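Thanks for coming, everyone. I have one structure to show you today. Please bring it up on your screens.

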Amino acid sequence: GQRRLARKLAGLGFRDTEVLRPWESAAGEGWRIQAVPARAPNAPGEISFVLTLGGLGIFHGGDTAAHTSFEEIRERCAPAVACLPVSGVSMLGVRLTMTPGQAAKAARSLGVRLAIPIHEEMAFGRLSRLLYRAPGTGARFEACLRRAAPGIRCLRPERGEPVRLDTAIPPPGMLEPGAPRL
């Protein structure tokens with residue numbers, strides 16, 4: 001589990017590692033990372049993270065499936081940005097990660113101003129395609145987000161494209177329903 005991962009990281013040269021459980025955090029000069037609840041039907045434990053840099057909270061959902069803790073994460077961490085998995089991976093009919101629609105609802109529940117779809121490029125080999133499906137795309141997420149939360153901007157950078165969050169996040173109220181989209 002997590003302790004084995006910490007030992008493995010130490011073996012790779014990382015000398016200062018901490019194992020975090022939901023709602024635990026670690027901090028350094030100018031940053032704080034907080035583990036938050038997540039859900040993975042195919043794993044015994046799963047966490048997502050909120051990284052805070054210079055007062056800006058960034059939620060990273062990792063491989064989470066839909067769950068009921070997004071509003072509590074909003075209340076406790078107040079992220080402005082969310083990186084959300086949108087691939088909708090399922091294995092033999094069991095949903096493992098969020099669909100674009102579930103991710104859009106998660107963005108709304110998190111109360112963020114900017115949402116970035118992640119894990120939309122899932123590709124499987126021939127044998128894996130028999131077991132796995134991943135129909136979600138960034139375009140589907142953006143369409144779902146427009147319907148579920150028109151006040152949240154969707155940013156879909158190209159793979160490897162740097163993003164400046166200080167200029168990408170719209171000011172509060174900028175994307176209210178009917179306002180022009182960026």
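I will go through salt bridges, a helix pair, backbone angles, a surface patch and some long spans.

First, a caution. This is a predicted model. Please keep that in mind throughout.

Let's start with charge. Side chains of opposite charge can pair when their charged atoms come close. How many salt bridges does a search of the whole structure find? Five. I will take three of them, beginning with Arg74 and Glu75.

The side chains of these two, Arg74 and Glu75, meet with N to O at 3.9 Å. The cut-off for a salt bridge is 4 Å, so this pair counts. Now look at the cover on each partner. Arg74 has a relative accessible area of 32%, so it is partly exposed. Glu75 is at 61%, and that makes it exposed.

Next, go to helix 5, and find Glu142. Glu142 forms a salt bridge with Arg146. Their closest N and O atoms are 3.7 Å apart. Why are these two about one helical turn apart? Because they sit four residues apart in helix 5. Arg146 is partly exposed, at 42% relative accessibility.

Stay on Glu142. Its side chain also meets that of Arg156 in a salt bridge, with N to O at 3.1 Å. This pair links distant parts of the chain. Glu142 is in helix 5, while Arg156 is in the loop between strand 10 (153-154) and helix 6 (165-168). They are 14 residues apart. Arg156 counts as partly exposed, at 39% relative accessibility. Put the two bridges together. Glu142, Arg146 and Arg156 are joined into one network by salt bridges that share partners.

Helix 5 has another story. Two packed helices are described by the angle between their axes and the distance between the axes. Take helix 3, residues 100-110, against helix 5, residues 138-148. Their axes come within 8 Å. They cross at roughly 45 degrees. Parallel, perpendicular or oblique? Angles under 35 degrees count as roughly parallel, and 65 to 115 as roughly perpendicular. The crossing falls outside both ranges, so helix 3 and helix 5 are oblique to each other. As for handedness, helix 3 passes helix 5 in a right-handed crossing.

Now the backbone. Most residues other than glycine have a negative phi. I have two residues here that go the other way.

One is Ala78. Its phi is near 45 degrees, a positive value, and it is not a glycine. Where does Ala78 sit? In the loop between helix 2 (70-77) and strand 5 (81-85). Buried or exposed? Ala78 is exposed, because its relative accessible area is 53% and the line is drawn at over 50%.

The other is Leu92. Phi there is positive too, at about 50 degrees, although Leu92 is not a glycine. Leu92 lies in the loop between strand 6 (90-91) and strand 7 (94-95). Its relative accessible area is 63%, so it is exposed.

Keep Leu92 on screen. Which residues make the nonpolar surface patch? Leu92, Leu127, Leu130 and Leu131. The patch covers about 450 Å². So Leu92 comes up twice: it has a positive phi, and it is part of this patch. Why can Leu92 belong to a patch? Because patch members need over 30% relative accessible area, and Leu92 has 63%.

Last topic: spans across the model. I have three pairs of C-alpha atoms for you.

Begin with Gly11, in helix 1, residues 2-11. Gly11 is exposed, at 66% relative accessibility. From its C-alpha to that of Ala115 is 35 Å. Along the chain, Gly11 and Ala115 are 104 residues apart.

Move on to Glu18. Glu18 is in the loop between helix 1 and strand 1 (25-28). With a relative accessible area of 53%, Glu18 is exposed as well. The C-alpha atoms of Glu18 and Phe124 are separated by 33 Å. Here the chain separation is 106 residues.

Finally, go back into helix 1 for Leu5. Leu5 counts as partly exposed, at 48% relative accessibility. Its C-alpha is 27 Å from that of Thr68, 63 residues away along the chain.

To leave you with one picture, go back to Glu142, joined with Arg146 and Arg156 in one salt-bridge network. That's my tour. Over to you.

Key:
Residues numbered from 1 in each chain as written. Predicted model: local features only at pLDDT ≥ 70, side-chain atom pairs only at ≥ 80, totals over all residues. Heavy atoms only, no water. Patch = residues over 30% accessible without salt bridge, like charges linked within 9 Å, V, L, I, M, F, W, Y side chains within 5 Å. Areas by Shrake-Rupley, 256 points an atom, 1.4 Å probe, with all protein chains shown as cover. Buried < 20%, exposed > 50% of the residue type's maximum accessible area, 1.4 Å probe, protein only. Axes fitted to C-alpha atoms, helices over the stretch in contact; angles between N-to-C directions. Parallel < 35°, antiparallel > 145°, perpendicular 65-115°, else oblique. Left-handed = near helix turned anticlockwise from the far one by under 90°.
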